[in-house]
Amino acid sequence: MMRPQRQRILISSGSTPTLKPHVRLQYDTVRQAWALLSPEKVFWPDEVSLDILNLCDGAHSVTRILEELSMQYDAPIEEIAADVETFLQDWSDRSLVML
């Protein structure tokens with residue numbers, strides 16, 4: 001039986017990432033850490049990943065996310081762009097973030 005292949009959406013500067021409907025961020029009081037919950041999966045994002053995910057609200061474009069992170073971390077956009085875009089693309093490929 002052939003499985004339909006999912007089309008890969010590629011990130012662009014105008015993409016407005018948002019968490020998929022089946023994904024949510026939730027604070028775990030026992031571990032005192034944020035968890036990204038998806039059916040049958042739990043991810044424990046680090047501080048930088050959490051900052052990126054919090055900006056994935058469908059209102060911030062990738063450009064705006066980079067601008068905000070650049071100010072927050074006092075880092076040039078050129079130095080953080082590749083890492084942020086790779087992170088978003090990877091999480092999109094895992095069906096956690098919509099681009």
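## How α2 and α3 cross

The crossing of helices α2 and α3 is right-handed, meaning that the near helix is turned clockwise from the far one by less than a right angle (anticlockwise would be left-handed). This comes from a predicted model, where local features need pLDDT of at least 70 and side-chain atom pairs count only at pLDDT 80 or more, while totals for chains, interfaces and linings use all residues. Residues are numbered from 1 along each chain as its sequence is written, and side-chain values use heavy atoms, with hydrogens and water left out.

Helix α2 covers residues 62–73 and helix α3 covers residues 77–93; their axes come within 10 Å and cross at roughly 125°. Axes here are lines fitted to C-alpha atoms, for helices over the stretch in contact, and angles run from 0 to 180 degrees between N-to-C directions. The pair is therefore oblique (under 35 degrees counts as roughly parallel, over 145 as roughly antiparallel, 65 to 115 as roughly perpendicular and the rest as oblique).

Who meets whom? On the α2 side it's Val 62, Ile 65, Leu 66, Glu 67, Leu 69 and Ser 70, and on the α3 side Ile 77, Ile 80, Ala 81, Val 84, Glu 85 and Leu 88. Contact means heavy atoms within 4.5 Å. Sorted by class, the residues of this contact come out as nine nonpolar, one polar and two charged. For the classes, Ala, Val, Leu, Ile, Met, Phe, Trp, Tyr, Cys and Pro count as nonpolar, Asp, Glu, Lys and Arg as charged, and the others, Gly among them, as polar.

## Where α1 fits in

Helix α1 (residues 47–54) packs with α3 at an angle of about 70°, the axes being 11 Å apart. That makes α1 roughly perpendicular to α3. Ser 49, Ile 52 and Leu 53 of α1 make this contact with Val 84, Phe 87, Leu 88 and Trp 91 of α3. By class there are six nonpolar residues, one polar and no charged ones.

The buried residues of α1 are Ser 49, Leu 50, Asp 51, Ile 52 and Leu 53 (buried is under 20% relative accessible area, exposed over 50%, partly exposed in between, with a 1.4 Å probe and protein chains only). They pack against β1, β2, β3, α2, α3 and β5. At the N-terminal end of α1, Asp 46 acts as a cap, with a side-chain oxygen 3.3 Å from the backbone nitrogen of Val 48.

## Two buried residues up close

Ser 15 sits in the segment before β1 and is buried, at a relative accessible area of 9%. A polar atom of its side chain lies 2.9 Å from the backbone nitrogen of Ser 12. Leaving out residues up to four places away in sequence, Ser 15 touches Leu 10, His 60, Ser 61, Val 62 and Leu 99.

Leu 37 belongs to strand β3 (residues 33–38) and is buried too, with a relative accessible area of 19%. With the same four-place limit, Leu 37 touches His 22, Val 23, Arg 24, Gln 26 and Val 42.

## The whole chain

Stepping back, the protein has three helices and five strands, which run β-β-β-β-α-α-α-β from the N terminus on. These elements are DSSP runs numbered from the N terminus, with helices (H or I) of at least four residues and strands (E) of at least two.

Of the 99 residues, 35% count as buried. Residues 24 or more positions apart account for 56% of the contacts with a separation of 6 or more. The C-alpha trace spans about 50 × 35 × 20 Å along its principal axes.

How values were computed:
Polar contact = N/O pair within 3.5 Å; in protein donor to acceptor, adjacent residues only side chain to side chain.
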